Amino acid sequence: MKTKLEKSLLLLIILIMLVIAIILIATVAGNAFSFSAFKSKINIDKRDTVKLEKEEEEPHKGQVYVWDGLSWIWITPYKDMPANTLTEEDFNADVSYPVYTGDEYTTLRGIDVSEWQTTKDGKEFLIDWQQVARENLDFVFIRCGRRGYTEGGLFQDEYFTYNIQNALANGMKCGVYFFSQAVNESEAIEEAEYVLDIIKDYDITYPIMFDWERQDGVDGARTADLNPAIVNDCALAFCRTIEAAGYEAGIYFNQYLGYHYFNLPEFKDFDLWVADPDAVQSFYYHCDYWQCTFDATVAGIEGVVDMNLLFVPKE
């Protein structure tokens with residue numbers, strides 16, 4: 001028989017063990033909660049780090065990578081300019097120049113000519129417009145004049161009168177372009193007025209185009225290092241003057257000028273003509289006219305000539 005003392009000691013030991021057990025359970029539970037919270041914090045921090053790393057990996061979010069004719073660059077697309085939707089699948093590549101086979105547009109085919117198409121190997125070869133008219137071309141752009149590189153004088157293309165008269169006489173639909181070297185808006189307006197005077201007696205049914213080009217390799221060129229914003233303003237002044245006289249107006253440019261010189265949304269009401277010789281037009285924005293090759297051959301013209309496509313959206 002156990003004594004009362006032994007029973008008391010046994011009860012005390014049991015109570016102590018219960019207290020110890022309760023303390024251990026509380027400690028383990030607390031540690032587990034702390035670990036869970038710590039683990040959650042680690043996961044949150046990890047997500048934040050991944051997010052930051054992702055942002056660092058995507059510094060060009062909202063931009064597109066394009067070829068500007070000299071190098072690959074990032075651009076932020078204009079929101080109010082339609083993108084070019086043409087792909088390689090839209091063209092027949094088994095011919096000397098692209099032929100559109102897609103469903104979105106009706107395409108018209110045309111050439112552009114100047115005094116450079118009248119000489120070959122130092123000899124004069126006038127364009128035979130009767131032969132050209134049989135080539136199923138829809139239009140022709142004829143250079144009507146130019147401004148000099150260094151002195152800035154205005155000159156009519158030496159063969160403009162011959163070309164425009166004979167093209168029209170053979171039923172060709174004509175537009176014209178002017179090779180500009182304007183260095184301010186006043187000169188651009190002067191060029192437009194010069195063109196309007198040259199063409200006043202002819203039936204011009206296609207646009208009058210402003211063709212400004214860099215002349216980096218010409219000693220003493222007035223336009224060397226001209227600020228792109230000035231070129232943009234010159235083009236606008238030219239187009240607005242032409243439009244005010246009742247004609248369609250537009251600008252001609254290559255990819256580099258298109259990305260670096262012109263604020264294209266300002267020209268959305270004018271025709272855009274891009275020089276991008278290739279199997280498919282790669283300029284990011286939609287253009288009305290695409291100069292797709294410099295090396296087309298057309299009966300009636302000695303040597304090669306530029307070929308162009310006009311994209312008319314289908315109804």
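Author: Let us start with one term: a residue is buried when its relative accessible area is under 20%, exposed when that area is over 50%, and partly exposed in between. Please also keep in mind that this is a predicted model.

Reader: Thanks! Is Cys144 buried or exposed?
Author: Cys144 sits in strand β8, which spans residues 139–147. Its relative accessibility is 0%. Since the limit for buried is under 20%, Cys144 counts as buried.

Reader: Which residue lies 6.1 Å from Cys144 in space, C-alpha to C-alpha?
Author: Look 33 residues away in sequence from Cys144. There, with 6.1 Å between the two C-alpha atoms, you find Tyr177.

Reader: How many disulfides does the structure hold?
Author: A disulfide needs two cysteine sulfur atoms within 2.5 Å of each other. Cys239, for example, is a cysteine that is buried, with a relative accessible area of 0%. The number of disulfides in the structure is zero.

Reader: Let's turn to the rings. What kind of aromatic pair do Phe91 and Trp290 form?
Author: This is one of the 30 aromatic pairs in the structure. The ring centres of Phe91 and Trp290 are 5.4 Å apart, and their planes meet at 75°. Planes over 60 degrees apart count as edge-to-face. The pair of Phe91 and Trp290 is therefore edge-to-face.

Reader: How many residues apart are Phe91 and Trp290?
Author: Both Phe91 and Trp290 are buried. Phe91 belongs to strand β3 (residues 91–92), while Trp290 belongs to strand β14 (residues 289–296). The pair links distant parts of the chain, and the separation in residues is 199.

Reader: What is the angle between the planes of Tyr100 and Tyr105?
Author: Tyr100 is buried at 10% relative accessibility, and Tyr105 is buried at 8%. Their rings form an edge-to-face pair with 6.1 Å from centre to centre. The angle between the planes is 65°.

Reader: Which tyrosines belong to the aromatic cluster that includes Phe253?
Author: This cluster also takes in Phe262, Phe267, Phe270 and Phe283. Its tyrosines are Tyr78, Tyr259, Tyr284 and Tyr285.

Reader: What about the outside? Which strands each supply at least two residues of the nonpolar patch?
Author: The patch lies on the surface and is formed by Tyr65, Trp67, Trp72 and Trp74, with about 470 Å² of accessible area together. One of them, Trp72, is found in strand β2. The strands that each supply at least two patch residues are β1 (64–67) and β2 (72–75).

Reader: Now a helix, please. How wide is the arc that the buried residues of α3 cover around the axis?
Author: Helix α3 runs over residues 160–169, and its buried residues are Phe160, Asn163, Ile164 and Ala167. They lie on the same side of α3, because the arc they cover around the axis is only 90°.

Reader: Which residue with a positive phi follows α3?
Author: The phi in question is near 80°. The residue that follows α3 with this angle is Gly171.

Reader: Which residue lies 7.7 Å from Ala167, C-alpha to C-alpha?
Author: The partner is 34 residues away from Ala167 in sequence. It is found in helix α2 (residues 129–133) and is partly exposed, with a relative accessible area of 28%. Its name is Ala133.

Reader: And charged side chains: which residue forms a salt bridge with Arg222 at 2.5 Å?
Author: Arg222 is partly exposed at 22% relative accessibility, and it lies in the loop between β11 (204–212) and α5 (228–244). The partner lies in helix α4 (residues 185–199), so the bridge ties together parts that are 35 residues apart in sequence. That partner is buried, with a relative accessible area of 14%. The residue is Glu187.

Reader: Which residues are linked with Arg222 and Glu187 in a network of salt bridges?
Author: Opposite charges can pair when their charged atoms come close. The network holds further residues of both charges, and these are Arg147, Glu190 and Glu191.

Reader: Last one: is Asp216, the salt-bridge partner of Arg214, buried or exposed?
Author: The closest N and O atoms of Arg214 and Asp216 are 2.6 Å apart. Arg214 is partly exposed at 32% relative accessibility. Asp216 has 55% relative accessibility, so Asp216 counts as exposed.

Notes:
Residues are numbered from 1 along each chain as its sequence is written. This is a predicted model: local features need pLDDT of at least 70, side-chain atom pairs count only at pLDDT 80 or more; totals for chains, interfaces and linings use all residues. Side-chain values use heavy atoms; hydrogens and water are left out. Rings of Phe, Tyr and Trp (its six-membered ring) pair if their centres lie within 6.5 Å; planes under 30 degrees apart count as stacked, over 60 as edge-to-face and the rest as tilted. Helices (H or I, at least four residues) and strands (E, at least two) are DSSP runs, numbered from the N terminus. Buried means under 20% relative accessible area, exposed over 50%, partly exposed in between (1.4 Å probe, protein chains only). Patches are made of residues with over 30% relative accessible area and no salt bridge: like charges are joined within 9 Å, nonpolar side chains (Val, Leu, Ile, Met, Phe, Trp, Tyr) within 5 Å. Accessible areas come from the Shrake-Rupley method with a 1.4 Å probe; for residues, only the protein chains shown count as cover. A salt bridge is a side-chain nitrogen of Lys or Arg within 4 Å of a carboxyl oxygen of Asp or Glu. The arc is that of the directions from the helix axis to the C-beta atoms.
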